[in-house]
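User: Please take me through the terms applied to this model and justify each of them from its definition.

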Amino acid sequence: MNLNIFFQQLINGISLGGVYALMAVGFGIIFNVLKFSNFSHGGVVAICAYLGYFLATRVAGSLWITLLATTLLGGVVGVLVEKLVFRPIRIKGRPLTYFFVNSITVAMLVQQFFSALWGYDYYPYPEFIKKTALHIGRLVVSKTYLMMLFISALVLLGLTLFLRKTKQGIAIRAASSDIWTPSLMGINTDFIISITFFIAGVLAGITGYFLGMTYTVTPFIGSFILKGIIAAIVGGMGSLTGGGIAGVLLGVVESLLIAELGAAVTPIVIYAGIIILLLVRPQGIAGKLYTIKA
Amino acid sequence: MLVVENLTVCYGGITALDNVSITIPDGKIVGLVGANGAGKSTTINTISGMVIPSGGNVKLDGESLLIPPQEIVKKGIVQVPEGRRIFPSITVQENLILGAYTLKGGEKVEENMQRMFELFPVLGERKNQDGGTLSGGEQQMLAIARALMSDPRILLLDEPSLGLAPKLVLEIFNMIQELNNRGLTILLVEQNAQKALNISDYAYVLETGRIVAEGEGKRIAEDPIVKKAYLGIEE
Ligand SMILES: Nc1ncnc2c1ncn2[C@@H]1O[C@H](COP(=O)(O)OP(=O)(O)OP(=O)(O)O)[C@@H](O)[C@H]1O
Ligand SMILES: [Mg+2]
């Protein structure tokens, strides 16, 4: 691989990794608070990919407006999923298996729904950003990728600030170790959970839009969530920062390996590497354990 | 005045509280003692709205308190739960910020936080440390400080001396009296009965969900029958 290709793949990898990071964080934030693997996140991503397509082709011609609208609608869809699917079993105090099964069911339902409705057509997003690439020295960088990278970074930074600086954000972090006690502080846990699903939905919205833009929209676009889940696990479940970093790493490693080894071998190398990493460090990159002292 | 009226609580088939009535007058320390499983935490959790009773009522100044837990905090009734339950993965300072969740305005929060650091200097020294890194005694102080952050009227303390060294137990009990002297009304649940009764203005003895004795704290503490039968204290 010559140096130019290396840097190009590096930049592509970082920006693809940014999308993986968004997914890892969206998946991880629900896991943190409610302790179940939320596969319905992939369903929300798929819904948003179609929503973004619909908005961009039928409603408005602006990237920023349609991206923003998709993002906010994603948040709303996230909250709706929680209210319709998870809240009822939460109120009844059902075991985590119910949540897990329900989340998979939602993902499948969305996939089957879009398959039945529009399964045989491809839905390419309009070209908002001219394919003309940016030339930096001898490097050729796709403008779309740069834009994606910039927005992913901005959103993750904004989320970090929210989680650190607002009392609702701190409450979300507190709820991740104990969902029962915040009520004793006058915190409405139901509302905190809604905010969490809104955040996950917003991240799913951006993810869906970016994936739709990068690839074409198909009913199976939600299965990209696997990359996010892998990043979340590798990063260390419970650590959003770890998940974000692992997402970027995954994107970079993937892009570089594809350039070097080809698209067929790359997944084998990556999955084998992940199994080894988790054998050596089962808590992931940034996993941490706390104890309550008696 | 906080009044618990003929409270009955069932968990599934088990009756945890059976017709329990307790009165907590303003400005007093009321003790609630009893053995493991007597229903002390259940009483406190029902007052806090965490447990829904199957009969009876909880009233604050005559007004029914059967409302969600977050609304009860807004009425000025705050619990320090059994086993502290501080948040381990956020900092001491952030734990305190959550204690003040119901307050409006950052200035008040900041002011209360400074007051807590004066009351518990060790918390000030450790304000940027994660809660989970504190020692057991420090975690208990954090739990009490967190509850005080919202300027409560009535503090419900569930076994604040649990697992603490004797010297620290004394400190915590002195602190409880000091808070009461400053006007805070307190319901003190303890298995460490002797000490709790000594600082209680009035006390109740709970046995398997029923009140079996009540009276002035010191009198209950000295009543040989109560001592022997319910508190496991032999002369
Ligand atoms: N969530 C619950 N589900 C079922 N039973 C419960 C539950 N919580 C408490 N109990 C039962 O209710 C009874 C009273 O429990 P509670 O926790 O109120 O006792 P306690 O006086 O606080 O005891 P301790 O001193 O050990 O804390 C016990 O028999 C207990 O097993
Ligand atoms: Mg108890």
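User: Which residues line the largest cavity, and why do they count as lining?

Analyst: The largest cavity is lined by A:Ile30, A:Asn38, A:Ser40, A:His41, A:Val44, A:Gly78, A:Val81, A:Phe197, A:Ala200 and A:Gly201. They count as lining because each has an atom within 4 Å of a point of the space, on a 1 Å grid over the protein atoms alone. Helix 2 (40–59), helix 3 and helix 7 of chain A each give two or more residues to this lining; helices (H or I, at least four residues) and strands (E, at least two) are DSSP runs numbered from the N terminus. This is a predicted model, in which local features need pLDDT of at least 70 and side-chain atom pairs pLDDT 80 or more, while totals for chains, interfaces and linings use all residues. Residues are numbered from 1 along each chain as its sequence is written, chains are lettered from A and ligands numbered from 1 in the order written, and side-chain values use heavy atoms, without hydrogens or water.

User: Why is this space called a cavity, and what is its volume?

Analyst: The name applies because a 1.4 Å probe fits at its points but cannot get out, whereas a pocket is an open set with protein on both sides within 12 Å along at least five of seven lines. Its volume is about 50 Å³, a volume being the space filled by probe spheres set on grid points joined across faces, edges and corners. The whole structure has three cavities of 30 Å³ or more.

User: What makes the lining of the second largest cavity five polar and no charged residues?

Analyst: Four nonpolar residues complete that lining. Ala, Val, Leu, Ile, Met, Phe, Trp, Tyr, Cys and Pro count as nonpolar, Asp, Glu, Lys and Arg as charged, and the others, Gly among them, as polar. A:Gly28, A:Gly236, A:Gly238 and A:Gly243 are among the lining residues, so they fall in the polar class. Helix 1 (3–34) and helix 9 (240–261) of chain A each supply at least two residues here, around about 40 Å³ of space.

User: How do you know that A:Asp190 and A:Arg90 meet in a salt bridge?

Analyst: A salt bridge needs a side-chain nitrogen of Lys or Arg within 4 Å of a carboxyl oxygen of Asp or Glu. The N to O distance in this pair is 2.8 Å, and the pair therefore qualifies. A:Asp190 lies in helix 7 and A:Arg90 in helix 3 of chain A, 100 residues apart. Both are also among the residues nearest the centre of the second largest pocket, which has 20 lining residues and about 660 Å³ of space.

User: What makes chain B and chain A partners at an interface?

Analyst: In chain B, 33 residues are in contact (heavy atoms within 4.5 Å) with 26 residues of chain A. The buried area is about 2,600 Å², with 63% from carbon and sulfur atoms; this is the accessible area (1.4 Å probe) lost on being put together, summed over both parts. The rule finds two salt bridges across the interface. A:Arg173 and B:Glu94 form a salt bridge at 2.9 Å, so the closest N and O atoms meet the cut-off. Helix 2 (69–74), strand 6 (77–80), helix 3 (92–99) and helix 6 (136–148) of chain B each give two or more residues to its side, with helix 3 giving the most, four residues.

Notes
Buried area = accessible area lost by both parts, 1.4 Å probe.
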